[in-house]
Amino acid sequence: MDDTVFALSTPVGGAIALMRISGAGSRALLERLFTGRIEHRRVSYGRIVDGAGETLDVCSAVWFEAPNSYTGEDMAEISIHGSYAVAARLAELIASTGAARPAEPGEFTKRAYLNGKMDLAQAEAVMDLIASTAERSRRAAARQLEGGLSSIVSSYYGRLKRVCARLAAAMDDDTDEIEAGDASEELSALERELEALAEGGLRSRVLREGARIAIIGSPNVGKSSLLNALIMRDRAIVTPIPGTTRDTVEEAASIDGVPVVFIDTAGIRDTRDEVELIGIERSKRASGEADLILWLIEGSREIGRGDEDIRASVDAGKTLAVITKSDLEQVVFPDAGGRIGGIPAVTVSSITGEGLDELRRAIVKRLAPSDSEAVVTNTRHITALRGAAERISAAAALQQDGLGDAAFFELREAMESLASITGRSDAAEDLVDEIFGSFCVGK
Ligand code: GDP
């Protein structure tokens with residue numbers, strides 16, 4: 001990692017682009033390219049010149065001296081004018097010196113992690129923040145970047161470590177039943193809490209990946225129109241001819257800060273038309289994969305067998321009924337409990353916009369995790385938390401059977417699993433310190 005790397009950190013085409021250089025050779029490189037003053041964390045103004053002394057750009061640059069930089073290494077950040085021509089010429093110039101190579105994707109953040117500037121969960125949060133498309137995803141990623149998740153994980157890690165030490169002490173002295181008894185209570189608390197954290201994570205996954213919402217219903221109920229009204233664009237072709245939406249259309253959008261992906265599906269109904277069958281197959285699959293299903297029923301037409309068949313094919317627990325075309329004379333009404341066929345219903349018109357806000361609120365209520373749940377959003381972290389909880393549960397059982405050694409082993413694995421979230425892999429070493437640290441002096 002002692003080589004020096006460079007990369008353009010912004011897309012070209014804006015007014016300004018940022019060229020970043022990191023590594024031991026950055027200062028020499030900056031001195032060679034840039035005429036301005038070079039002082040730690042100070043913006044200076046100057047020119048970029050090539051070997052022949054020709055000016056490539058007039059710009060500003062900041063110099064960071066290790067370890068006080070993003071990567072923890074010597075770093076330069078040059079703000080050039082954002083055209084492709086300037087960026088390409090500067091990259092060419094840097095590469096031609098032989099003093100630096102193009103950085104790999106994520107390499108600056110990887111270096112920051114390897115140099116201890118951030119842990120793995122924070123490094124992942126950088127990526128999430130860059131990728132965030134909706135306000136709530138941004139908020140969750142920013143909290144993770146600040147170290148919110150890391151400090152929760154490290155507090156669980158600490159608790160586990162103390163249980164391990166207690167178990168070790170109890171093993172050391174067989175008569176110490178009380179110590180072991182305490183441990184089993186703490187173990188079940190830990191298991192419960194980690195499971196709950198992972199559970200919240202499953203709900204929060206939508207903040208990273210976007211909740212998948214399938215829009216299903218008989219031909220002509222107004223699926224494409226609703227999709228368009230909800231995302232206010234005209235991607236799906238709206239047409240009065242039944243069954244023209246033959247394939248699914250996916251559309252990413254944000255509803256009240258929650259990222260969603262709408263899957264517009266072909267109308268589900270019996271048909272011999274092969275192309276339509278494929279579409280219907282996809283509808284069924286999409287509703288299987290969806291986090292939420294919007295089951296559309298036309299408000300101005302009696303509910304037909306087709307509608308009921310569709311109702312029967314979906315998982316009612318994750319379905320919202322939408323009664324469409326409220327601007328026309330209605331013949332379909334929800335029951336006193338606001339439901340249709342046992343499913344909570346919202347009445348809308350895609351033409352007048354009536355009911356759309358209520359539908360948005362209902363969607364968000366179903367999908368969005370609360371802020372306190374949105375601590376874990378990453379599948380890797382959820383898996384690690386689950387893994388730790390399983391090991392702890394195994395350890396508790398083993399300990400109850402008097403198999404202290406095996407329980408101890410399981411707990412170490414649980415610690416490793418937690419440590420993998422932040423990238424701390426010194427669980428074994430850490431335990432040694434804790435265990436011996438809790439021993440009496442002279443033992
Ligand atoms: P899909 O086959 O389920 O995708 O239905 P479309 O969105 O293509 O709509 C079918 C027909 O119903 C079109 O003629 C739409 O203009 C009409 N339509 C859709 N939504 C509404 C609505 O809210 N009110 C009225 N009056 N007509 C609608």
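This is a short dialogue on reading a protein model and the ligand it holds.

Q: What should I know about the model before I start?
A: It's a predicted model, where local features need pLDDT of at least 70, side-chain atom pairs count only at pLDDT 80 or more, and totals for chains, interfaces and linings use all residues. Residues are numbered from 1 along each chain as its sequence is written, and side-chain values use heavy atoms, with hydrogens and water left out.

Q: Which residues come nearest to the ligand?
A: A residue is near a molecule or strand if one of its heavy atoms lies within 4 Å of it. Here 15 residues surround the ligand, and K223, S224, S225, D327 and S350 come nearest. Sorted by class, that shell has five nonpolar, seven polar and three charged residues. As for the classes, Ala, Val, Leu, Ile, Met, Phe, Trp, Tyr, Cys and Pro count as nonpolar, Asp, Glu, Lys and Arg as charged, and the others, Gly among them, as polar.

Q: Which polar side-chain atom lies 2.7 Å from a nitrogen atom of the ligand?
A: First, the idea: a polar contact is a pair of N or O atoms within 3.5 Å; within protein, one must be able to donate a hydrogen and the other to accept it, and residues adjacent in sequence count only if both atoms are side-chain atoms. The atom you want belongs to D327. The backbone joins in too: an N or O atom of N220 sits 2.9 Å from a ligand oxygen atom, and one of V221 sits 3.4 Å from a ligand oxygen atom. On its own the ligand has 580 Å² of accessible area, and the protein covers 85% of that. Such areas come from the Shrake-Rupley method with a 1.4 Å probe; for residues, only the protein chains shown count as cover.

Q: What is the sign of phi in N220?
A: Most residues other than glycine have a negative phi, and most peptide bonds are trans. N220 has a positive phi, near 75°. You'll find N220 in the loop between β7 (211-217) and α8 (223-231). Helices (H or I, at least four residues) and strands (E, at least two) are DSSP runs, numbered from the N terminus.

Q: Where is there a cis peptide bond?
A: Look between A66 and P67, where omega is about 0°. P67 belongs to the loop between β4 and β5 (75-81).

Q: In what order do the six strands of the open sheet come?
A: Two strands pair if DSSP finds at least two bridges between them. The order is β3-β4-β5-β2-β1-β6, with mixed pairing. At the edges are β3 and β6 (101-102), each pairing on one side only. Inside this sheet, β3 (residues 43-49) and β4 (residues 55-64) run antiparallel, joined by seven bridges, and R47 stands opposite V58 in β4. Their hairpin has five residues between the strands, and G53 there takes a positive phi near 85°. β2 (residues 16-22) also pairs with β5 in the antiparallel sense, over seven bridges, with M19 opposite I78 in β5.

Q: How do strands β11 and β13 run, parallel or antiparallel?
A: In a regular strand the side chains alternate between the two faces of the sheet. In this case β11 (residues 319-324) and β13 (residues 343-347) run parallel, joined by three bridges, and A321 stands opposite A345 in β13. By contrast, β12 (residues 339-340) pairs with β13 in the antiparallel sense over two bridges.
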